[in-house]
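Colleague: I would like to go through the labels used for this model and hear the grounds for each one. Can we start with single residues and then turn to helices and strands?

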Amino acid sequence: MSAENHTHERFMQRCFDLALNGAGNVAPNPLVGAVVVHEGKIIGEGYHAVYGGPHAEVNTINSVLSENKALLPHSTLYINLEPCCHFGKTPPCTDLIIQAGIRKIVFSNQDPNPVSSGGAVLLRSVGCEVTTGILEQQGAWLNRRFFTRIIKKRPYIILKWAQSADGFFTRKAKEQHWITGEQSKRLAHRWRSEEAAILCGTNTAAVDNPQLTNRLWLQGKQPLRVVLDRTLRLSSNLHVFDSAAQTFVFTEKQKADSANVRYAQIPFDENLLNTVLQRLFEMGILSVLVEGGARLLTSFIQENLWDEARIFTGSAWFGEGISAPALKGNSIAEEKCSNDNLKILTPLSTNN
């Protein structure tokens, strides 16, 4: 690796780290961080902090101290995503870059959104030196939710469950069993804060009575709770209908919305999951965390509708019960959470 590429990768990694500060707050926009570097020293940095707010480039250039503004034409702007060149909720970032006099721009990924892409071409057309593809795979993973929305026209789907050491959800149907410990539970609540929506089926809502909120991780927004209830048999006293977060119910019946619960009437046919995902896509939902139950998770797997699976395995041995789904995938991470094991998988091949 050349010294220049090593330098590029070092500052691009800083962009990734900054971008993560916007997790849970910028959807459906991408996670973006940026730094301005002069002679190997960062003189400004920032990230996209909130949806509708200034982009990373704006916050970064504005962070440069007044006494260092004259250094901008002799500096390099690093950013993990191609600068936008269109008017949306904010003006084009390319305009600000050009006005600031920055002549060198380095970014990781091209913007897959045809509405906002083209920044590299515009910057080159005015004489800027643009370098692309730095840590491209890492950048694509960082913004996998955004890329999935633009390319596949659906939310990014994360399957999550906990299973016993011998691969069971529970010992018996219609019973709830805690499998994992407190550390795993806190981690799962953090995940909830990072995703736009959390989905569960009718039986899980009725038997487990989950709250589907991130009570143990106070940063970020509460996810939209999405529930499948074909015949509206769920009791209004369940946690998913409380005021802790908004809830969206898919059903075949008609029912008027309430203060924090909305209803969508759809057919529960062989296209159910695609219909649900299409509606959530149209609502601007960037990602969905699917937390069960077994039947719903299995349906997503059978229809090859998943992008990531996060599986906790506890130490308890059930011997019998409801089996956890069988899932083959690429193991991209394995770690210990106290007495639990966590494995993260991605599909073996490109899915729908």
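Colleague: Why does L212 count as buried or exposed, whichever it is?

Modeller: This is a predicted model, so the value is computed from predicted coordinates. L212 has 2% relative accessibility, and buried means under 20%, so L212 counts as buried. The residue sits in the loop between α8 (202-207) and β9.

Colleague: What makes the phi of L212 worth a remark?

Modeller: Its sign: phi of L212 is near 55°, a positive value in a residue other than glycine. Most residues other than glycine have a negative phi. N304, in the loop between α10 and β13, also has a positive phi, of about 55°, and is not a glycine.

Colleague: Why is N304 called partly exposed?

Modeller: Its relative accessibility is 29%. Buried requires under 20% and exposed over 50%, so N304 falls in between and counts as partly exposed.

Colleague: And H8, in helix α1 (residues 3-19): what is its class, buried or exposed, and why?

Modeller: The relative accessibility of H8 is 9%, under the 20% limit, so H8 counts as buried. Leaving aside neighbours within four places in sequence, H8 is in contact with Y78, V106, T131 and I134.

Colleague: Which peptide bond next to P28 is cis?

Modeller: The one joining A27 and P28, with omega about 10°. P28 is in the loop between α1 and β1 (33-38). Another cis bond joins G292 and G293, again with omega about 10°; G293 belongs to the loop between β12 and α10 (294-302).

Colleague: How do the axes of α2 and α3 cross, and how near do they come?

Modeller: The axes of α2 (residues 56-63) and α3 (residues 93-100) come within 9 Å and cross at roughly 25°. Angles under 35 degrees count as roughly parallel, so α2 is roughly parallel to α3. The crossing is left-handed.

Colleague: Which residues make that contact?

Modeller: E57, V58 and I61 of α2, with C93, L96, I97 and A100 of α3. By class, six are nonpolar, none is polar and one is charged.

Colleague: What makes β11 and β15 edge strands?

Modeller: β11 (261-265) and β15 (330-337) each pair on one side only. They end an open sheet of nine strands, in the order β11-β10-β9-β8-β12-β6-β13-β16-β15, with mixed pairing.

Colleague: How many bridges join β8 to β9?

Modeller: Four bridges, between strands that run parallel. Two strands pair if there are at least two bridges. In one of them, the partner of I198 is R225 in β9.

Methods
Residues are numbered from 1 along each chain as its sequence is written. This is a predicted model: local features need pLDDT of at least 70, side-chain atom pairs count only at pLDDT 80 or more; totals for chains, interfaces and linings use all residues. Side-chain values use heavy atoms; hydrogens and water are left out. Axes are lines fitted to C-alpha atoms, for helices over the stretch in contact, and angles run from 0 to 180 degrees between N-to-C directions. Helices (H or I, at least four residues) and strands (E, at least two) are DSSP runs, numbered from the N terminus. Angles under 35 degrees count as roughly parallel, over 145 as roughly antiparallel, 65 to 115 as roughly perpendicular and the rest as oblique. A crossing is left-handed if the near helix is turned anticlockwise from the far one by less than a right angle, and right-handed if clockwise. Contact means heavy atoms within 4.5 Å. Ala, Val, Leu, Ile, Met, Phe, Trp, Tyr, Cys and Pro count as nonpolar, Asp, Glu, Lys and Arg as charged, and the others, Gly among them, as polar. Buried means under 20% relative accessible area, exposed over 50%, partly exposed in between (1.4 Å probe, protein chains only).
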